[in-house]
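Trainee: Can you walk me through reading a pocket and its ligand?
Mentor: Sure, let's pull it up.

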Amino acid sequence: MWSTARTVAAGDIVIIWQTRESVQPLLITPGKDFNSKFGFYPHSDLIGVPYGSKVGSRNGKGFIHLLRPTPELWTMALPHRTQILYIADISFITSWLDIKPGSKVIEAGTGSGSFSHSVARTVGARGHLWSYEFHEARANKARQEFSDHGLADIITLTHRNVCKDGFTVTNTVDSVFLDLPAPWDAVVHAKNAMRKDCTSRICCFSPCMEQVLRTVNALNEAGFTDIAMYEVLIRPHEVNEITIPKLDDIVTKLKQSEQKREEKRLRQIANAGKRKREGSSENAVENGENKKAKTDGANVTELHRTSELESTSTSAKGVGPQALQGADDSASVNGAKAVYEVRGHTSYLTFARLAPIADEA
Ligand code: SAM
């Protein structure tokens with residue numbers, strides 16, 4: 001039974017979080033030790049520690065986090081006996097199949113029990129999950145786990161080949177989930193198990209398009225409607241803090257760089273005049289006239305440029321930027337950029353509805 005107490009006790013199953021890639025379950029057994037590259041931890045050291053704690057190792061080699069199991073963490077930590085469903089698909093299927101507290105659900109096959117744990121939590125004590133697995137050793141192991149995790153009353157696990165022998169209930173379940181190599185062979189059996197007094201739903205999980213097409217044909221032939229196929233892909237968004245410079249700062253910087261350029265230009269003019277004066281005394285008078293004219297010209301340009309700059313900054317202050325300036329003084333916002341290419345295909349999800357049959361409604 002997964003503990004609901006605040007602190008870890010002997011006999012609890014805890015989730016040991018070392019890194020995102022290294023998450024594992026541990027049965028707390030006094031006298032035993034937990035060893036990893038992150039150090040050495042006698043189980044007795046972990047008893048009485050509040051769930052969620054970060055615990056340092058006895059030999060100072062690192063630390064671990066002690067977490068209370070949840071279906072999400074169990075999916076990350078469970079011992080794999082088969083391929084499993086991950087949380088992106090599980091949540092989408094749960095939502096589309098409208099699985100909620102009190103729902104009655106069938107799944108086949110059980111596999112490693114990843115999907116089963118999430119469904120069991122969602123349907124709760126008022127609902128039920130009938131799970132089927134034709135590999136006997138896998139069925140026994142999953143049954144033991146469900147019992148150890150306090151789910152024996154919510155999940156009934158049956159060892160059988162559902163494609164050949166069908167399910168153990170008739171006109172009972174709100175939804176069916178098939179994660180099988182040949183789901184089309186189980187579609188008619190699923191229909192027998194589904195409620196006919198209201199709309200019930202089915203989902204088939206298949207890795208390739210040929211399987212999807214065979215399933216769609218079987219669903220059509222069995223009278224299912226609203227057949228739709230989805231693929232769930234996770235698209236990461238990179239969130240970064242973007243600094244927005246204040247408008248006054250931008251204007252000040254523009255003015256400063258303009259001023260520097262102008263000073264440089266005036267220096268160049270002055271130097272050129274000086275060189276000419278020193279180089280030719282014969283044309284001194286004429287040169288002097290030229291210099292005066294150029295310098296006057298430079299002053300005119302300088303005046304002109306300065307007034308241009310003033311008018312730019314005035315309009316920048318007066319128009320659109322009011323929104324920016326007036327909003328607040330904060331200089332940063334969070335921006336998100338979606339990663340364009342998404343990898344990680346698991347399977348296609350084929351959904352369909354079974355409409356209520358008038359006689360039974
Ligand atoms: N959904 C499971 C999970 O999240 O852990 C994984 C299911 S695994 C991919 C598929 C399972 O279906 C295997 O354990 C296999 O033994 C079982 N299976 C295959 N054909 C079956 C059949 N005809 N009847 C019952 N179980 C079957």
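Trainee: How much space lies in the largest pocket?
Mentor: The general idea first. Rolling a probe the size of a water molecule over the atoms shows where empty space is left. In this predicted model, the largest pocket holds about 680 Å³ of space. It is lined by 33 residues, and closest to its centre are Thr82, Gln83, Asp179, Leu180 and Pro181.

Trainee: Which elements give two or more residues to that lining?
Mentor: Those are β7 (104-108), α4, β8 (128-133) and α6. The largest share, three residues, is from α4. Sorted by class, the lining has 15 nonpolar, twelve polar and six charged residues.

Trainee: And what takes up the space of the largest pocket?
Mentor: The ligand does. For its shell, the elements that contribute two or more residues are α4 (114-123) and α6 (162-165). The shell is made of 22 residues, with Glu133, Arg138, Asn161, Val162 and Asp179 the closest. By class, that shell divides into eight nonpolar, ten polar and four charged residues.

Trainee: Which polar contacts should I look at?
Mentor: Look for pairs of N or O atoms within 3.5 Å. Start with Glu133, where a polar side-chain atom lies 2.5 Å from an oxygen atom of the ligand. On Gly113, a backbone N or O atom is 3.3 Å from a ligand oxygen atom. Then there's Asn161, with a side-chain N or O atom 2.8 Å from a nitrogen atom of the ligand.

Trainee: How much of the ligand's accessible area does the protein cover?
Mentor: On its own the ligand has 610 Å² of accessible area, and the protein covers 91% of that.

Terms used: Residues numbered from 1 in each chain as written. Predicted model: local features only at pLDDT ≥ 70, side-chain atom pairs only at ≥ 80, totals over all residues. Heavy atoms only, no water. Near = heavy atom within 4 Å. Polar contact = N/O pair within 3.5 Å; in protein donor to acceptor, adjacent residues only side chain to side chain. Areas by Shrake-Rupley, 256 points an atom, 1.4 Å probe, with all protein chains shown as cover. 1 Å grid on protein atoms, 1.4 Å probe; cavity = no way out; pocket = protein on both sides within 12 Å on 5 of 7 lines; lining within 4 Å. Sits in = over half its atoms within 2 Å of the grid points. Helix = DSSP H or I, 4+ residues; strand = E, 2+ residues; numbered from the N terminus. Nonpolar A, V, L, I, M, F, W, Y, C, P; charged D, E, K, R; others polar. Points joined across faces, edges and corners; volume = space filled by probe spheres on them.
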